[in-house]
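Reader: I'm new to reading protein models and would love a close look at one part of this one. Could you walk me through it slowly?

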Amino acid sequence: MMTTRKLTISAMVVALYIVLIYITQGISFGAYQIRIATSLYALAYAFPFLIIPMGIGNLISNFLFGGLGILDMVGGFGVGVLTTSLIVLMRRFDLTAWWVALPIILVPALCVPLWLSPLIGVPYWALVINLLVGQTIPGIVGATLVKALVSRRSMVAFMGNIK
């Protein structure tokens with residue numbers, strides 16, 4: 001059962017994800033994607049319960065702003081869940097917060113072109129390269145965000161209270 005605090009944090013993060021996509025939608029969709037909002041996936045390192053909410057945030061964003069239909073919505077949900085799950089595993093294996101950049105960069109870059117390529121008619125590997133470049137920024141921003149959070153004593157205490 002989810003506590004009120006977890007539910008509140010989840011709702012705020014999903015809302016922030018959607019707002020960030022709205023603000024940056026010009027660079028968040030299409031063959032070239034720099035999804036600044038995906039840097040929020042890194043928060044799963046500090047808050048493992050965000051796995052499903054991050055998938056939901058991606059699904060809703062693709063529904064509201066993507067325009068590529070159910071395949072993109074479900075695929076985005078899957079990418080969000082897979083990326084954040086890998087980030088949670090990294091924490092369980094005691095990898096430093098800097099490692100969260102890798103799934104934020106690699107999972108979208110390798111998975112999104114699986115459905116985006118046939119939908120927009122761009123070759124798979126061309127999309128992979130574009131997404132690798134585009135997701136580097138959110139990967140670095142996400143790792144920096146989490147590193148800053150876990151270095152604060154008050155944040156570590158807060159994280160311990162909501163496990």
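Which residue just after H4 takes a positive phi? And could you then tell me about H4 and what lies around it?

Author: Sure! Keep in mind that this is a predicted model. The residue you're asking about is aspartate 94, which sits just after H4 and has a positive phi of about 60 degrees.

Now back up into the helix itself. H4 covers residues 70–92, so to speak a run of 23 residues. From its first C-alpha to its last it reaches 33 Å, close to the 33 Å expected at 1.5 Å a residue.

Next, look at what H4 hides. Its buried residues are Asp72, Met73, Gly75, Gly76, Val79, Gly80, Val81, Thr83, Thr84, Ile87, Val88 and Met90. Some of the spacing there may ring a bell: an α-helix has 3.6 residues a turn, so residues three or four places apart point the same way. The cover over the buried residues of H4 includes H3 and helix H5 (101–120).

One of those buried residues, Ile87, leads us to the middle of things. The largest nonpolar core has 29 residues, and Ile87 is among those with the most contacts inside it, along with Tyr17, Leu50 and Met54. H4 is one of the elements giving two or more residues to this core; the others are H1, H3, H5 and helix H6 (124–150). The largest share, 4 residues, comes from H1. There's also a second, separate core of 9 residues, including Val107, Val112, Leu127 and Leu131.

Let's follow Tyr17 for a moment. Not counting residues up to four places away in sequence, tyrosine 17 touches Arg35, Ala37, Thr38, Leu40, Tyr41, Met54, Gly57, Asn58 and Ser61.

That brings us to how H1 and H3 meet. The axes of H1 (residues 4–23) and H3 (residues 51–66) come within 9 Å and cross at roughly 35 degrees, and the crossing is right-handed. On the H1 side, the residues in contact include Tyr17, Val13 and Ile21, while the H3 side includes Met54, Gly57 and Leu64. By class, this contact has 11 nonpolar, 4 polar and no charged residues.

Last stop: Ile21 also turns up beside serine 28, a residue of helix H2 (residues 25–28). Leaving aside neighbours within four places in sequence, serine 28 is in contact with Ile21, Gln33, Ile34 and Arg35. Serine 28 counts as buried because its relative accessibility is 0%, and the cut-off for buried is under 20%.

How values were computed. Residues numbered from 1 in each chain as written. Predicted model: local features only at pLDDT ≥ 70, side-chain atom pairs only at ≥ 80, totals over all residues. Heavy atoms only, no water. Axes fitted to C-alpha atoms, helices over the stretch in contact; angles between N-to-C directions. Left-handed = near helix turned anticlockwise from the far one by under 90°. Contact = heavy atoms within 4.5 Å. Nonpolar A, V, L, I, M, F, W, Y, C, P; charged D, E, K, R; others polar. Expected span 1.5 Å × (residues − 1). Buried < 20%, exposed > 50% of the residue type's maximum accessible area, 1.4 Å probe, protein only. Core = buried A, V, L, I, M, F, W, Y, C linked by side-chain atoms within 4.5 Å.
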